[in-house]
Amino acid sequence: MGPNAVDRALEAAEHDAATPISPTPTHHELPHRTSAEIERVISASSVSSASSSHSARSRRPSTVGTGIVGVGMSRVSTSRDLPPTELGRIQTARSQHSATVGRSIRSRRSRASLVKPLPPFGAGKPYPPLLPNQEDFVVEFDGPDDPLHAQNWPMAKKLLTATMLGYTTMIASFGSSIFSAATRAVAADFGVSPDVSLLGVSLYVLGFATGPTFWAPLSELKGRRLPLVASMFGFTIFNLACGTAKDLQTVLITRFFAGFFGACPLAVVAAVFSDMFDNRTRGMAITVFSMTVFTGPMLAPFIGGFMVEDESIGWRWTAYLIAIMGAVAFIIDLIFLEETYPPVILVSKAAELRRRTLNWGIHAKQEEIEIDVKELITKNFSRPMRLLFCEPIVTLLSVYMAFIYGLLYLFLTAYPFVFMGVHGMSAGVAGLTFFGMIIGQIIAGVTVLMQQPWYARKLAANNGVPVPEWRLPSVIAGGVAFAIGLFWFGWTGFTKDIHWIWPTLSGLMTGFGIASIFLQALNYLVDSYLMFAASAIAGNTFLRSLAGAAFPLFARYMFEGMGTQWASTLLGCIGVALVPIPVIFYMYGDRIRAKSAYAPTFGAGPEVAESETGDDSELGHGEKEAPSSVPRTDMDAAQRAV
């Protein structure tokens with residue numbers, strides 16, 4: 001099927017939607033809607049298959065009986081009643097959802113039917129006839145302004161939810177680095193070297209690498225609220241277990257699982273923001289969310305340092321503190337957090353309608369999904385690895401971001417080496433020097449936010465279709481700043497003859513570089529791969545988390561063996577060597593994407609060789625879904641991004 005297969009299907013649906021079969025307004029009578037309402041959000045039939053879309057186009061209005069005398073129920077609103085722009089949103093969401101959790105139940109049912117026949121219905125009853133028209137029993141949102149949809153919540157409610165989840169995310173990233181201040185105390189307590197106890201940091205970050213492969217698909221099957229609440233409970237339990245550990249192996253194991261559970265908000269919260277905010281405000285929301293991810297690790301060292309220095313508190317309270325913070329997040333999320341994922345909201349709506357009408361045929365499309373383990377493995381591990389190693393854009397950007405992310409955790413060792421070893425500061429005071437990096441990250445976040453009006457104008461002028469290369473100037477500037485910061489840190493921090501404020505101020509450049517690169521490079525991957533974004537971000541997250549786990553392990557040997565100035569110079573030279581990567585993509589990215597088997601080119605490039613749905617049978621009628629000119633993204637992937 002050609003690259004405009006989805007467009008032709010949408011045109012047919014729009015033509016059918018415009019046919020006057022009821023008193024609903026025609027296509028020409030519909031109010032004008034902005035591009036923000038057309039674009040990349042989960043909407044009504046977010047998990048419909050193309051075959052059900054086909055049946056929806058062929059059906060006619062009907063009345064559904066409830067089975068209760070004197071009670072009737074009109075046909076629920078379906079895509080037939082929605083404006084053409086809403087049809088575009090629905091089709092977009094179908095491809096996004098199948099990209100991660102799958103919908104190819106037809107092939108699975110056919111395999112099952114070949115293995116064994118259907119069991120008897122029971123009590124001598126024959127199998128009942130199929131529903132007269134299954135699509136008539138599928139619940140939908142009541143138009144684009146339905147208050148059930150999270151994008152239509154009051155702004156105060158959105159801000160409250162964003163605040164809760166910002167705190168939840170911050171404590172997960174906070175927990176990754178607070179243990180770094182306790183490594184020497186842990187080593188002394190259990191009679192091992194500080195390098196062994198440093199595994200508590202590395203294993204926590206390794207949990208960040210493995211966690212999203214479980215939490216992200218779960219959030220698309222069962223909604224956002226369940227994994228967030230469950231993960232905060234597990235996060236709290238394992239941090240309590242770490243604080244009460246009687247041996248080192250228990251500390252290390254509990255740290256890994258604390259990271260595994262802590263990875264959930266990193267993978268899911270960005271998707272919640274995608275559910276709540278449209279294209280005009282989502283960029284700002286995701287930027288603020290990302291700042292909590294990157295500032296959390298920098299806030300923890302000075303707190304942990306002061307706690308470890310106080311003998312009446314000790315290193316165990318670094319774990320207890322995270323557990324207390326996690327318990328607070330668990331209670332807040334349990335009581336106040338509401339579901340934002342549209343398909344699961346429709347599941348709740350269908351359940352309520354079934355109870356109140358006793359019409360047990362009413363259901364949501366999400367309830368038709370059958371989980372296929374093979375399919376989940378393919379979409380959440382196999383495909384991300386193919387993108388990581390076979391797509392030049394994903395490969396090179398992932399290497400760049402892995403280097404940056406690894407240095408973020410390497411600084412947890414390098415800063416104490418300079419400010420404690422060279423300048424003789426205590427652990428708590430040395431931790432305060434990370435505020436240079438925090439301020440740099442805040443400056444980068446503000447800079448990105450200030451670019452939003454410019455980006456919104458460009459997006460509107462391009463009919464809501466994003467051009468990925470618009471993201472890269474910030475990445476280029478961040479790469480230059482980051483390399484400068486590394487040279488600055490090394491050549492001002494190697495001797496106490498230079499005042500400690502100078503290596504501290506180098507954090508302004510490194511912090512600015514880290515945040516600028518990450519904020520816009522992740523957006524570039526999302527815009528470049530759209531319906532494959534979840535796989536691209538998953539591969540990126542896997543590689544950079546491995547780097548984050550490995551870099552702290554050799555940091556001390558590197559700085560001791562080479563000296564602060566030459567170790568930083570080596571890292572700075574690598575940073576300079578990597579700067580051309582975003583420059584090359586800025587100049588030639590469109591040509592590289594045109595040759596990609598995964599990156600859509602909005603009708604200008606070759607056909608996509610493989611649909612993110614992964615199987616022709618998912619779409620029905622032997623058609624492969626291909627990217628269309630309808631703008632798409634998968635901000636659930638941004639979930640996995642951090």
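Here are three short exercises on this predicted model, each with a worked solution.

**Exercise 1. Get a feel for the whole chain: how many helices and strands are there, and what percentage of the residues count as buried?**

Start with the secondary structure: the chain has 25 helices and 2 strands. Next, look at cover: 58% of the 642 residues count as buried. Then check the surface, where about 25,000 Å² is accessible and 67% of that belongs to carbon and sulfur atoms. Finish with the contacts: taking those with a separation of 6 or more, 83% link residues 24 or more positions apart.

**Exercise 2. Follow helix α17 from end to end: what is its span, and where does it bend?**

Find residues 392–419, the 28 residues of α17. Going from the first C-alpha to the last gives 40 Å, close to the 40 Å expected at 1.5 Å a residue. Now stop at L410, where α17 bends by about 40°. Last, ask how covered the helix is: 22 of its 28 residues are buried, so "mostly covered" fits, with buried meaning under 20% relative accessible area.

**Exercise 3. Take the nonpolar surface patch: which residues make it, and which helix gives the largest share?**

Pick out W491, F494, M562, W566, L570 and I574, which together make a patch of about 540 Å². Helix α24, residues 564–578, brings the largest share with 3 residues. Now zoom in on W491, which sits in helix α21, residues 472–493. Is W491 partly exposed or buried? Its relative accessible area is 36%, so W491 falls between the 20% and 50% cut-offs and counts as partly exposed.

Definitions and conventions. Residues numbered from 1 in each chain as written. Predicted model: local features only at pLDDT ≥ 70, side-chain atom pairs only at ≥ 80, totals over all residues. Heavy atoms only, no water. Patch = residues over 30% accessible without salt bridge, like charges linked within 9 Å, V, L, I, M, F, W, Y side chains within 5 Å. Areas by Shrake-Rupley, 256 points an atom, 1.4 Å probe, with all protein chains shown as cover. Salt bridge = Lys/Arg side-chain N within 4 Å of Asp/Glu carboxyl O. Helix = DSSP H or I, 4+ residues; strand = E, 2+ residues; numbered from the N terminus. Buried < 20%, exposed > 50% of the residue type's maximum accessible area, 1.4 Å probe, protein only. Contact = heavy atoms within 4.5 Å. Expected span 1.5 Å × (residues − 1). Bend = angle between axes of the 7 residues up to and from the residue.
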